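Subject: Structure for you to look at, with notes

Dear colleague,

I am passing on a structure that I would be glad to have you look through. My notes on what was found follow below it.

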Amino acid sequence: MDSHETVEKLKEQFPEVNFIAVNVNNQKVSGWQRYIRQNKFKSEHEYIFRNPEIAKKILALNNVYKVIVIDENSEILVANANMFSTEFKKTLAALTGVEYQ
């Protein structure tokens, strides 16, 4: 299962959570936009860094599936989560008050 499929399933379980994707690949914006369109991803929550190499260093993005959980006040609650782990679902359940399944 890829990250977009995983996020769609997470949205079903946690509808009050906003998920955004930030592309850290070193590619042209036009190529990235074409990829988004071809795969029919909803683009309103998809972003790309202007300079991914600098962003990777500043944000310590060594893992392309790194997840940062931020609350409504822009406070970082979890700085390095893995959305493919059951611990991530438990974390979201605890933060949202949704029963973990």
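**Tyr47 and its surroundings**

With a relative accessibility of 42%, Tyr47 counts as partly exposed. Please keep in mind, here and in what follows, that the model is a predicted one. Tyr47 belongs to strand β2, which covers residues 46-48, and together with Ile20 and Val22 the tyrosine forms a nonpolar patch on the surface, the accessible area of the three adding up to about 280 Å².

**Overall fold**

The secondary structure consists of four helices and four strands, and, read from the N terminus, these elements follow one another in the order α-β-α-β-α-β-β-α. Along the principal axes, the C-alpha atoms occupy a box of roughly 40 × 30 × 25 Å. The protein has 101 residues, of which 25% are buried.

**The largest pocket**

For the largest pocket, the computed volume is about 1,500 Å³. Its lining is made up of 44 residues, and those closest to the centre of the pocket are Phe19, Ile20, Ala21, Val22 and Lys66. Two of these residues, Ile20 and Val22, have already been named above as members of the nonpolar surface patch with Tyr47.

Which elements supply at least two residues each of the lining of the largest pocket? They are the helices α1 (3-13), α2 (29-38) and α4 (86-96), together with the strands β1 (21-23) and β3 (66-70). The largest share of the lining comes from α1, which contributes six residues. As for the chemical character of the lining, 25 of its residues are nonpolar, whereas eight are polar and 11 are charged.

**Salt bridges**

Across the whole structure, the search finds three salt bridges, which I take here in order along the chain.

In the salt bridge between Glu8 and Lys11, the closest N and O atoms are 3.4 Å apart. Both residues belong to helix α1, and because they are three residues apart there, about one helical turn separates them. Glu8 has a relative accessible area of 38% and is therefore partly exposed, and Lys11, with a relative accessible area of 26%, is partly exposed as well.

The side chains of Glu53 and Lys56 also meet in a salt bridge, with an N to O distance of 3.6 Å. This pair lies in helix α3 (residues 52-59), where the two residues are three residues apart, or about one turn of the helix. Glu53 is partly exposed at a relative accessible area of 37%, and Lys56 counts as partly exposed at 24% relative accessibility; the latter value needs the cut-off beside it, because a residue is called buried under 20% relative accessible area.

The remaining salt bridge joins the side chains of Glu87 and Lys90, at 3.5 Å from N to O. Both residues are found in helix α4, again three residues apart and about one turn of the helix from each other. Glu87 has a relative accessible area of 49% and is partly exposed; since exposed means over 50%, this residue does not reach that class. Lys90, at 38% relative accessibility, counts as partly exposed too.

I would welcome your comments on any of these points.

With best wishes

Note on methods:
Residues are numbered from 1 along each chain as its sequence is written. This is a predicted model: local features need pLDDT of at least 70, side-chain atom pairs count only at pLDDT 80 or more; totals for chains, interfaces and linings use all residues. Side-chain values use heavy atoms; hydrogens and water are left out. Patches are made of residues with over 30% relative accessible area and no salt bridge: like charges are joined within 9 Å, nonpolar side chains (Val, Leu, Ile, Met, Phe, Trp, Tyr) within 5 Å. Accessible areas come from the Shrake-Rupley method with a 1.4 Å probe; for residues, only the protein chains shown count as cover. A salt bridge is a side-chain nitrogen of Lys or Arg within 4 Å of a carboxyl oxygen of Asp or Glu. Buried means under 20% relative accessible area, exposed over 50%, partly exposed in between (1.4 Å probe, protein chains only). On a 1 Å grid over the protein atoms alone, a cavity is a set of points where a 1.4 Å probe fits but cannot get out, and a pocket is an open set with protein on both sides within 12 Å along at least five of seven lines; lining residues have an atom within 4 Å of a point. Grid points are joined across faces, edges and corners, and a volume is the space filled by probe spheres set on the points. Ala, Val, Leu, Ile, Met, Phe, Trp, Tyr, Cys and Pro count as nonpolar, Asp, Glu, Lys and Arg as charged, and the others, Gly among them, as polar.
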